[in-house]
Amino acid sequence: MSRRRVEPAVCAALLFLPGLTHVALTGGVSQWRASSELGLLDVAISGVLVTHFAASAWVLRRGKYAGRLALATWSVLLTLAGTELYLRFARPTEAAVAIAPLPPGTRICTAADTMPGISGEIRLSVNRLGLRGPDIGPRDLPRFDVKILCVGGSTTMCQYNTDERSWPWRLQDELAERLGQRVFVGNSGRSGLIARNHGDLIARYDLTHEFDWVIVMCGLNDWGMFLQGEYDASRERSLEALDGRSKFSRDAPYYHRRLRLVQWIDAATTPTGRKLPFGNVVVTDDDGTWFADWRQERKKLLARRTFDELPPRFEEFEAKYREDLLGVIAAARSKGVRLLMVSQPTIYRADLPEAMADLLISTSPPHGAYSHAALEQVSRRANEVMLDVCRREGVDHIDLDRILPKDTSVYFDDCHFNDAGCERIGVVLANFFEPRLR
């Protein structure tokens with residue numbers, strides 16, 4: 001009995017349809033140019049596609065083995081589809097790890113002598129959840145009695161505090177000791193992000209709903225961007241600020257954003273112990289030597305022109321900042337988590353001693369700089385907006401800026417915390433949570 005021969009046109013359709021569909025979904029070459037990062041996985045997928053196109057064209061021209069190649073192609077596709085369904089429905093949280101704020105890895109450096117209160121080795125570790133914290137994965141989360149997610153910019157990230165000395169880690173250890181329970185505090189902080197970014201992150205991180213509480217510390221980058229004249233542009237580029245391996249970007253290929261199998265492979269093949277590829281996260285240098293240069297630059301700008309008053313149109317900034325804070329609250333409520341908002345602490349005060357004023361790095365205007373007294377007004381006004389929004393919306397809040405002393409027992413520059421400052425913050429937050437969690 002002779003085998004029935006498959007028509008060449010049918011074979012061609014079966015062979016080329018999957019690849020052409022993939023090209024259409026990715027947008028072709030333009031999609032690659034728009035993507036902020038092309039990893040080995042992207043190159044491998046493209047290599048397989050090109051090889052398959054070439055093999056398909058060859059067997060169709062020879063008129064032999066086209067049916068077998070089509071059968072093999074669709075067998076592989078159906079197997080991958082079955083695996084995708086399994087990861088999506090049977091193990092949804094394990095597959096979701098790739099959609100995270102930071103790429104897993106570890107960075108180790110030695111602190112420069114530019115940061116009072118910080119010295120020695122600085123270890124910055126990001127776990128399989130895409131969060132700075134102990135090395136756990138999605139399946140480990142249910143084992144904890146208390147789960148808290150910290151969201152913010154560089155003052156949350158604490159990139160110059162080694163892991164166990166960052167304030168989220170301090171809070172974790174403090175609560176675990178007081179409550180006698182298993183506590184996990186995950187740190188999703190990323191330098192340079194503003195309030196609108198925080199709302200997007202809370203809404204888009206697949207594991208937000210797994211946490212009991214979300215802590216948001218923000219404000220500094222918002223008014224800092226306003227002083228630099230970049231605030232409106234930063235708000236418009238909110239989603240793009242969460243790009244890179246975090247897969248938050250709308251420019252990322254569809255398979256990174258949609259397919260759990262690809263996300264799982266991407267996460268599983270990320271080398272541990274490598275230097276962290278932070279994407280758009282602002283990491284000027286690893287050890288902090290750049291602070292000395294920025295302090296000198298601020299002195300030069302102050303000598304050129306010192307601004308002592310609030311910047312013009314500050315009320316417009318306050319209205320936009322209020323709108324973005326409401327977005328953060330809405331995102332937390334949509335995920336079913338309780339929210340604690342914390343005002344942004346700074347060292348700014350009108351009577352700041354000269355030795356402490358020399359630590360400041362703020363250099364906002366191009367032809368001058370704001371005095372520390374003016375910066376105190378800006379910071380206080382922005383914090384008052386947050387506190388007012390929280391009172392009106394019934395959201396838990398702490399005015400941390402008024403609690404912490406404004407000196408080098410807490411800060412090593414305008415707003416970043418040294419190790420002792422992180423310890424103080426951990427205690428303040430533990431005092432808030434302890435009665436609520438008991």
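Where does Arg-313 lie? I started my notebook there, and I found Arg-313 in the loop between strand S6 (306-307) and helix H14 (314-334). A reminder to myself before going on: this is a predicted model.

**Entry: two positive phi values**

I looked up the backbone of Arg-313 and read a phi near 65°, a positive value in a residue other than glycine. I then checked the surface: Arg-313 has a relative accessible area of 54% and is therefore exposed, the cut-off being over 50%.

Cys-158 also caught my eye, with a positive phi of about 55° although it is not a glycine. I placed Cys-158 in the loop between helix H6 (154-157) and H7. Is Cys-158 buried or exposed? I noted a relative accessible area of 3% for Cys-158, so it is buried, the limit being under 20%.

**Entry: the chain as a whole**

I stepped back for an overview. I counted 18 helices and nine strands in the protein chain. Of its 438 residues, 52% are buried. I also looked at how far apart the contacting residues sit in sequence: among contacts with a separation of 6 or more, 79% join residues 24 or more positions apart.

**Entry: H7 against H18**

Next I followed helix H7 (residues 167-179) to helix H18 (residues 419-437). Their axes come within 8 Å and cross at roughly 45°. That angle is neither under 35 degrees nor in the range from 65 to 115, so I wrote the pair down as oblique. The crossing of H7 with H18 is right-handed.

Which residues of H7 meet H18? On the H7 side I listed Trp-167, Arg-170, Leu-171, Glu-174, Leu-175, Arg-178 and Leu-179. Their partners in H18 include Asp-419, Cys-422, Ile-425, Leu-429, Phe-433 and Leu-437. Sorted by character, the residues of this contact are eleven nonpolar, two polar and six charged.

**Entry: the nonpolar cores**

I then turned to the largest nonpolar core, which holds 82 residues. Which of them touch the most other members? I noted Trp-167, Ile-215, Tyr-321, Met-341 and Phe-433. Two of these names, Trp-167 and Phe-433, were already on my list for the meeting of H7 with H18.

I took a look around Phe-433. Leaving out residues up to four places away in sequence, Phe-433 touches Ile-148, Leu-171, Leu-175, Trp-213, Ile-215 and Leu-340. There is also a second, separate core of ten residues, and Ala-111, Met-115, Ile-361 and Phe-412 are among them.

**Entry: Leu-340**

Leu-340 was on the list for Phe-433, and I went there next. It sits in strand S7 (residues 338-342). Leu-340 has a relative accessible area of 0%, which means it is buried. I found 57 residues along the chain between the positions of Leu-340 and His-397, yet their C-alpha atoms are separated by 5.3 Å. With residues up to four places away in sequence set aside, Leu-340 touches Trp-213, Val-214, Ile-215, Val-216, Asp-396, His-397, Ile-398, Leu-429, Phe-432 and Phe-433.

**Entry: Ala-55**

My last stop was Ala-55, in helix H3 (residues 40-62). How is Ala-55 placed with respect to the surface? I read a relative accessible area of 31%, so Ala-55 is partly exposed, in between the limits of 20% and 50%. Ala-55 and Ala-66 are eleven residues apart in sequence, and I noted 9.3 Å from C-alpha to C-alpha.

How values were computed. Residues numbered from 1 in each chain as written. Predicted model: local features only at pLDDT ≥ 70, side-chain atom pairs only at ≥ 80, totals over all residues. Heavy atoms only, no water. Axes fitted to C-alpha atoms, helices over the stretch in contact; angles between N-to-C directions. Helix = DSSP H or I, 4+ residues; strand = E, 2+ residues; numbered from the N terminus. Parallel < 35°, antiparallel > 145°, perpendicular 65-115°, else oblique. Left-handed = near helix turned anticlockwise from the far one by under 90°. Contact = heavy atoms within 4.5 Å. Nonpolar A, V, L, I, M, F, W, Y, C, P; charged D, E, K, R; others polar. Core = buried A, V, L, I, M, F, W, Y, C linked by side-chain atoms within 4.5 Å. Buried < 20%, exposed > 50% of the residue type's maximum accessible area, 1.4 Å probe, protein only.
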